[in-house]
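Colleague: Could you take me through this one and tell me how each label is earned? I would like to see each value set against its cut-off.

Modeller: Gladly, here it is.

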Amino acid sequence: EKHPGIARKGNIQTVPTLIVYSKGGEMKRLVGLQSLKTLHAFISAMTISDVHKNAAGGADAGPPFLHGH
């Protein structure tokens, strides 16, 4: 509600929405209220190789629509 432009650019239609970004691009997304078990599984499924595969060549730049805000 406070930042509708960010929500629109990130295609966020439901709260809560958890988005993992790597190198400025979306890597994974989890939408809606989740159990602790589901959150743990979601986070555990992200391996170091996933992060390196998506962020090769540098540090995570974050979502492009947040730059300059």
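Modeller: Let us begin with a cut-off: a residue is buried under 20% relative accessible area, exposed over 50%, and partly exposed in between. Please keep in mind that this is a predicted model.

Colleague: Thanks. Why is Lys23 called partly exposed?

Modeller: Its relative accessibility is 43%. Buried would need a value under 20% and exposed a value over 50%, so the class in between applies, and Lys23 is therefore partly exposed.

Colleague: And what is the phi of Lys23?

Modeller: Phi is positive there, about 55°, although Lys23 is not a glycine. Lys23 sits in the loop between strand 1 and strand 2.

Colleague: What makes strand 1 and strand 2 a pair?

Modeller: The cut-off for pairing is at least two bridges found by DSSP. Strand 1 (residues 17-22) and strand 2 (residues 25-31) have six bridges, in the antiparallel sense, so by that definition they pair. As for individual partners, Thr17 is bridged to Val31 in strand 2, and Ser22 stands opposite Gly25 of strand 2. The two strands form a hairpin with two residues between them, and Lys23 is in that turn.

Colleague: How do you know that Glu26 and Arg29 form a salt bridge?

Modeller: The definition asks for a side-chain nitrogen of Lys or Arg within 4 Å of a carboxyl oxygen of Asp or Glu. For the side chains of Glu26 and Arg29 the N to O distance is 2.8 Å, so the pair qualifies under that cut-off. A search of the whole structure finds one salt bridge.

Colleague: Are those two residues buried or partly exposed, and why?

Modeller: Glu26 has a relative accessibility of 43%, and Arg29 has 27%. Since the range between 20% and 50% is called partly exposed, Glu26 is partly exposed and so is Arg29.

Colleague: Which peptide bond is cis?

Modeller: The bond from Val15 to Pro16, where omega is near 5°. Pro16 lies in the loop between helix 1 (4-9) and strand 1. Its relative accessible area is 38%, so Pro16 counts as partly exposed.

Colleague: What does Pro16 touch, leaving out residues up to four places away in sequence?

Modeller: Pro16 touches Leu30, Val31, Gly32 and Leu33. A contact here means heavy atoms within 4.5 Å. For Pro16 and Val31, the C-alpha atoms are separated by 6.3 Å, with their positions 15 residues apart along the chain. That C-alpha separation is a separate value from the heavy-atom cut-off, so it does not decide whether there is a contact.

Colleague: What is the phi of Asn11, and why is Asn11 called partly exposed?

Modeller: Phi of Asn11 is near 55°, a positive value in a residue other than glycine. Asn11 is in the loop between helix 1 and strand 1. At 47% relative accessibility, Asn11 is partly exposed, because exposed would require over 50%.

Colleague: What makes the links from the Gln34 side chain to Val31 and Gly32 polar contacts?

Modeller: The distance part of the definition is N or O atoms within 3.5 Å. The Gln34 side chain reaches the backbone oxygen of Val31 at 2.8 Å and the backbone oxygen of Gly32 at 3.3 Å, so both distances fall inside the cut-off. Gln34 itself is in the loop between strand 2 and helix 2 (36-45). With a relative accessible area of 25%, Gln34 is partly exposed.

Colleague: And how does the chain look overall?

Modeller: The protein chain has three helices and two strands, in the order α-β-β-α-α along the sequence. Of its 69 residues, 20% count as buried. About 5,200 Å² of the chain is exposed, with carbon and sulfur atoms supplying 60% of that area. Among contacts with a separation of 6 or more, 43% come from residues 24 or more positions apart.

Conventions:
Residues are numbered from 1 along each chain as its sequence is written. This is a predicted model: local features need pLDDT of at least 70, side-chain atom pairs count only at pLDDT 80 or more; totals for chains, interfaces and linings use all residues. Side-chain values use heavy atoms; hydrogens and water are left out. Helices (H or I, at least four residues) and strands (E, at least two) are DSSP runs, numbered from the N terminus. Buried means under 20% relative accessible area, exposed over 50%, partly exposed in between (1.4 Å probe, protein chains only). A polar contact is a pair of N or O atoms within 3.5 Å; within protein, one must be able to donate a hydrogen and the other to accept it, and residues adjacent in sequence count only if both atoms are side-chain atoms. Accessible areas come from the Shrake-Rupley method with a 1.4 Å probe; for residues, only the protein chains shown count as cover.
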